[in-house]
Amino acid sequence: MILLWAFVVGGLICVIGQFLMDVFKMTPANTVSLMVIAGAVLGGLNLYQPLVRFAGAGATVPITSFGNALVQGAIAEGQTHGLVGVITGIFELTSAGISAAIVFAFLAAVFFRPKG
């Protein structure tokens with residue numbers, strides 16, 4: 001049953017992103033930014049974690065999960081280390097994703113001919 005809910009929730013998140021691009025004519029960059037912010041807001045209000053428990057990968061794979069991870073890292077480290085912890089917590093929890101994005105973007109630029 002978890003596979004069904006993961007598919008439905010992940011699909012709905014993707015439908016929202018596509019809706020923003022098709023109806024509101026948002027650029028992909030603006031859509032991604034808005035989806036990260038939405039995940040951060042839901043995470044800050046403790047509404048994203050129940051969605052993760054309910055849908056599993058359907059909620060952890062889409063880009064909204066990155067916003068949630070940023071906020072959760074900031075909250076966790078902020079409670080123990082104060083303001084400095086807020087800044088370090090953001091990078092501590094999301095450093096693997098950020099590093100992977102940098103490495104794969106570099107490899108894509110090396111092996112393919114980027115325009116521009």
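The following questions and answers concern helix packing, a nonpolar core and one buried residue in a predicted model.

Q: Why is α1 called oblique to α3?
A: Helix α1 (residues 2-23) and helix α3 (residues 48-55) pack at an angle of about 135°, with their axes 8 Å apart. Angles over 145 degrees count as roughly antiparallel and 65 to 115 as roughly perpendicular, while the rest above 35 degrees are oblique. The value of about 135° falls in neither of those two ranges, and therefore α1 is oblique to α3.

Q: Which residues make the contact of α1 with α3?
A: Helix α1 contributes I2, W5, A6, V9 and I13, and helix α3 contributes Y48, L51, F54 and A55.

Q: What is the division of the contact residues of α1 with α3 into nonpolar, polar and charged?
A: Nine are nonpolar, with no polar and no charged residues. Ala, Val, Leu, Ile, Phe, Trp and Tyr are among the types that count as nonpolar.

Q: What makes up the largest nonpolar core?
A: This core has eight residues in all: V9, I13, L20, M35, Y48, V52, A55 and A59. Membership requires buried residues of nonpolar types joined through side-chain atoms within 4.5 Å. At least two residues of the core come from each of α1 and α3. Beyond its neighbours within four places in sequence, V52 is in contact with A59 and T60.

Q: Why is N68 called buried?
A: The relative accessibility of N68 is 6%, and buried means under 20%; N68 therefore counts as buried. This residue lies in helix α5 (residues 64-111). Not counting residues up to four places away in sequence, N68 touches G39, A40, G43, Y48 and Q49.

Notes
Residues are numbered from 1 along each chain as its sequence is written. This is a predicted model: local features need pLDDT of at least 70, side-chain atom pairs count only at pLDDT 80 or more; totals for chains, interfaces and linings use all residues. Side-chain values use heavy atoms; hydrogens and water are left out. Helices (H or I, at least four residues) and strands (E, at least two) are DSSP runs, numbered from the N terminus. Buried means under 20% relative accessible area, exposed over 50%, partly exposed in between (1.4 Å probe, protein chains only). Contact means heavy atoms within 4.5 Å. Axes are lines fitted to C-alpha atoms, for helices over the stretch in contact, and angles run from 0 to 180 degrees between N-to-C directions.
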